[in-house]
Amino acid sequence: MEEMTSMSVASIGVDPDRPSLLTLYLDGLPSSALDLTDREHLEFEYMQHMRIMVEAKRPRGTRIKALHIGGAGCALPRALDSSHPNSRQLAIEVDEILATKVREWFPLPRSPLLRIRAAEGRQTLQQQAGRNWDIIVRDAFAGGTVPYQLMTYEAAVDARNALAPDGAYLLNLSRHDKPEIATILAVFPHVVAITDPAIWAGRRYGNITLGASMTPWRDMHREVFRLPLPARIYSDLTPSAAPFHDLPEDFTPTH
């Protein structure tokens, strides 16, 4: 299957060793993976890390309110719907056609358990002040990186203002991980990262999952140790770059 969306070419691949596992590709890059026989299966490591962070703040079986900035195939919302029954989740997807098609391609929870809205992520964050979301996930990419307007100090403040007092902001970091970490540290007092030590050391490229909260994190080392692939928690984070900030409206890049 290959189909044009509003912003990319979408295709679905089937794992020959696991026929129940469907992977959504956008412009040839894996974007989401869902197992038709296991609603809680998360194929991507960074989503496994996010689930640990979610459960550190909201134990399995509890009802949560979660906002996802970046929807794609909604693999994480689907898994959380199973582990946290009767939750209410909203997935924001900037690609209008993709936001509609994923319900045709994948078995996703119906509304109001999971609503999928076609909208721009930063504008959505700005509209959420006081909504008391338990979890906000930022997992939005364009051209291999996070859109700049979602990486800034002001965007992090928008997320903080939209969270419940003990909620968590979870981020899938882009290639600009050092300034992004500095940006989040400037807004949230309790920040942790989970990733493969080789990625953290810069020996290879991959995802770093960041968790930010206004309240302390409980210990997650046992859950991370049980993961199938190597990962570590990094909690003594210090800024090593300048934070990102919104650009002036009249900003013109120079070459």
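In this predicted model, residues 24 or more positions apart account for 68% of the contacts in the protein chain with a separation of 6 or more. The chain contains eight helices and twelve strands. Its radius of gyration is 17 Å, close to the 18 Å that the globule rule gives for 255 residues, so the chain is as compact as a globular protein of that length. The C-alpha trace spans about 45 × 45 × 40 Å along its principal axes. Of the 255 residues in the protein chain, 51% are buried. The chain exposes about 12200 Å², and carbon and sulfur atoms supply 51% of that area.

**The sheet**

Eight strands are arranged in an open sheet with mixed pairing, in the order β7-β6-β5-β8-β9-β11-β10-β12. The edges are held by β7 (114-118) and β12 (232-234); each has a single partner strand, so one side of each is left without a neighbour in the sheet. On average, neighbouring strands of this sheet are turned by 15° against each other, direction ignored. As a general point, strands of a sheet pair through backbone hydrogen bonds, either parallel or antiparallel.

Strand β8 is joined to partners that can be described residue by residue. Strand β5 (residues 65-69) runs parallel to β8 and is joined to it by four bridges. Strand β9 (residues 163-172) also runs parallel to β8 (residues 133-138), with five bridges between the two. Strand β8 is mostly covered, as six of its six residues are buried. The table lists residues of β8 with their bridge partners.

| Residue in β8 | Partner residue | Strand of partner |
|---|---|---|
| Ile136 | Tyr169 | β9 |
| Val137 | His68 | β5 |
| Arg138 | Leu171 | β9 |

Two of these rows concern β9: Ile136 has Tyr169 as its bridge partner, while Arg138 stands opposite Leu171. On the β5 side, His68 stands opposite Val137. In a regular strand the side chains alternate between the two faces of the sheet.

**Helices across the sheet**

Helix α1 (residues 45-57) lies across β8, β9, β10 (190-195) and β11 (209-213), and runs at about 170° to β9. Helix α6 (residues 177-185) likewise lies across β8, β9, β10 and β11, and runs at about 10° to β11.

**Aromatic pairs**

A search of the whole structure finds four aromatic pairs. One of them, formed by Phe44 and Tyr46, is stacked, with 6.3 Å centre to centre and 25° between the planes. Phe44 has a relative accessible area of 17%, under the 20% limit, and is therefore buried. Tyr46 is buried as well, with a relative accessible area of 7%.

Tyr169 and Phe188 form a tilted aromatic pair, with 6.1 Å centre to centre and 35° between the planes. Tyr169 lies in strand β9 and Phe188 in the loop between α6 and β10, so this pair ties together parts that are 19 residues apart in sequence. Tyr169 is buried, with a relative accessible area of 1%, and Phe188 counts as buried at 2% relative accessibility. Tyr169 thus appears in two settings: as the bridge partner of Ile136 and as a member of an aromatic pair with Phe188.

Key. Residues are numbered from 1 along each chain as its sequence is written. This is a predicted model: local features need pLDDT of at least 70, side-chain atom pairs count only at pLDDT 80 or more; totals for chains, interfaces and linings use all residues. Side-chain values use heavy atoms; hydrogens and water are left out. Two strands pair if DSSP finds at least two bridges between them. Axes are lines fitted to C-alpha atoms, for helices over the stretch in contact, and angles run from 0 to 180 degrees between N-to-C directions. Contact means heavy atoms within 4.5 Å. The radius of gyration is taken over C-alpha atoms; the globule rule is 2.2 Å times the number of residues to the power 0.38. Buried means under 20% relative accessible area, exposed over 50%, partly exposed in between (1.4 Å probe, protein chains only). Accessible areas come from the Shrake-Rupley method with a 1.4 Å probe; for residues, only the protein chains shown count as cover. Rings of Phe, Tyr and Trp (its six-membered ring) pair if their centres lie within 6.5 Å; planes under 30 degrees apart count as stacked, over 60 as edge-to-face and the rest as tilted.
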